[in-house]
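User: I am new to this structure. Please take a close look at one part of it, the biggest pocket, and follow what connects to it.

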Amino acid sequence: MTPATSPETPRPATSLVRRARKINRVLAETYPDARCELDFEDPFQLLVATVLSAQTTDRRVNAITPALFAAYPDATALAGAERTAVEEIIRPTGFFRAKTESILGLSSALVERFDGEVPGRLPDLVSLPGVGRKTANVVLGNAFGVPGITADTHFMRLVRRWEWVDEATSKDPVKTEHAVGALFPRRDWTMLCHHVIWHGRRRCHARKPACGACPVAQWCPSYGTGPTDPEVAEALVTTQGPA
């Protein structure tokens, strides 16, 4: 697979590496149950669920995938599905017509090119309709145990706030993936992403982060973006990701 680091990625400063790894250690202690919040039983289910999760929440996807996979348990079944029937099931996730196109297309591609099985290599995954690097890394890390950096919106927001990447890099998910990957051992990449994403969903919100109730506040250059009063901040903390 294509590595998350690149030969063109400059060697990060030792002080930044130490700060980033300290933040990750504290987040690991704060969120010991951090994991992929999409429900799945095999790589195919995770691939489809991840595609469906675009522009919606994991909980909404989890609410409809049991019916979807009961009707279409594998790539062969979904590839032969009636478009309107699939659209009706996934309608609650939003953008259901485009998502139907993607999951029918990727299912057909899996049947035609990979004997109906989800491949475990990034180049193969991103060749599928509707599958980009972010989706591919989710599948690789959580279904195949292949370390990867998942640069979703929460991850991108937090690494900017923590100044793990510079402003120019922060505008490019692939460059961000490479730069952050250089800060951590490869074996840590998948769990790092879970820690960061859980923190982004529960405390470091986009509009009003709970700065006064943040376990990594002392290492955050953006401390004060949100309320610093402990009681006010604590009221903003959620026990799970957005609905």
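Analyst: The largest pocket has a volume of about 820 Å³. The model is predicted, and this volume is computed from it. A lining of 36 residues surrounds the pocket. Nearest the centre lie Ser53, Asp58, Asp152, Ile197 and Arg201.

What kinds of residue make up the lining? Nine are nonpolar, 18 are polar and nine are charged.

Several helices contribute. At least two lining residues come from each of α2 (43–52), α3 (58–71), α8, α9 (153–161) and α12 (189–202). The largest share belongs to α12, with seven residues.

Now to the charges. Side chains of opposite charge can pair when their charged atoms come close. The structure holds eight salt bridges. One of them joins Asp188 to Arg187, with the closest N and O atoms 3.9 Å apart. Arg187 is exposed, at 69% relative accessibility. Asp188 is partly exposed, with a relative accessible area of 25%. Elsewhere, salt bridges with shared partners link Glu37, Asp58, Arg201 and Arg202 into one network. Two members of that network, Asp58 and Arg201, are also among the residues nearest the pocket centre.

Another salt bridge pairs Asp124 with Arg121, and here the closest N and O atoms are 3.1 Å apart. Arg121 is partly exposed, with a relative accessible area of 42%.

Next comes helix α8, one of the helices that supply the pocket lining. Arg133 of α8 (residues 133–143) forms a salt bridge with Glu177, and the closest N and O atoms lie 2.5 Å apart. Glu177 sits in α11 (residues 173–181), so the pair ties together parts that are 44 residues apart in sequence. Is Glu177 buried or exposed? Glu177 has a relative accessibility of 3%, so it counts as buried; the cut-off is under 20%.

Glu177 has buried company in α11. Thr176, His178, Ala179, Val180 and Gly181 are buried there as well. Which helices help to cover the buried residues of α11? The cover includes α8, α9, α10 (167–170) and α12. Of these, α8, α9 and α12 also supply residues to the pocket lining.

One last detail concerns the start of α11. Asp172 caps the N-terminal end of this helix. A side-chain oxygen of Asp172 lies 2.9 Å from the backbone nitrogen of Val174.

Note on methods. Residues are numbered from 1 along each chain as its sequence is written. This is a predicted model: local features need pLDDT of at least 70, side-chain atom pairs count only at pLDDT 80 or more; totals for chains, interfaces and linings use all residues. Side-chain values use heavy atoms; hydrogens and water are left out. A salt bridge is a side-chain nitrogen of Lys or Arg within 4 Å of a carboxyl oxygen of Asp or Glu. Buried means under 20% relative accessible area, exposed over 50%, partly exposed in between (1.4 Å probe, protein chains only). Helices (H or I, at least four residues) and strands (E, at least two) are DSSP runs, numbered from the N terminus. On a 1 Å grid over the protein atoms alone, a cavity is a set of points where a 1.4 Å probe fits but cannot get out, and a pocket is an open set with protein on both sides within 12 Å along at least five of seven lines; lining residues have an atom within 4 Å of a point. Grid points are joined across faces, edges and corners, and a volume is the space filled by probe spheres set on the points. Ala, Val, Leu, Ile, Met, Phe, Trp, Tyr, Cys and Pro count as nonpolar, Asp, Glu, Lys and Arg as charged, and the others, Gly among them, as polar. Contact means heavy atoms within 4.5 Å. A polar contact is a pair of N or O atoms within 3.5 Å; within protein, one must be able to donate a hydrogen and the other to accept it, and residues adjacent in sequence count only if both atoms are side-chain atoms.
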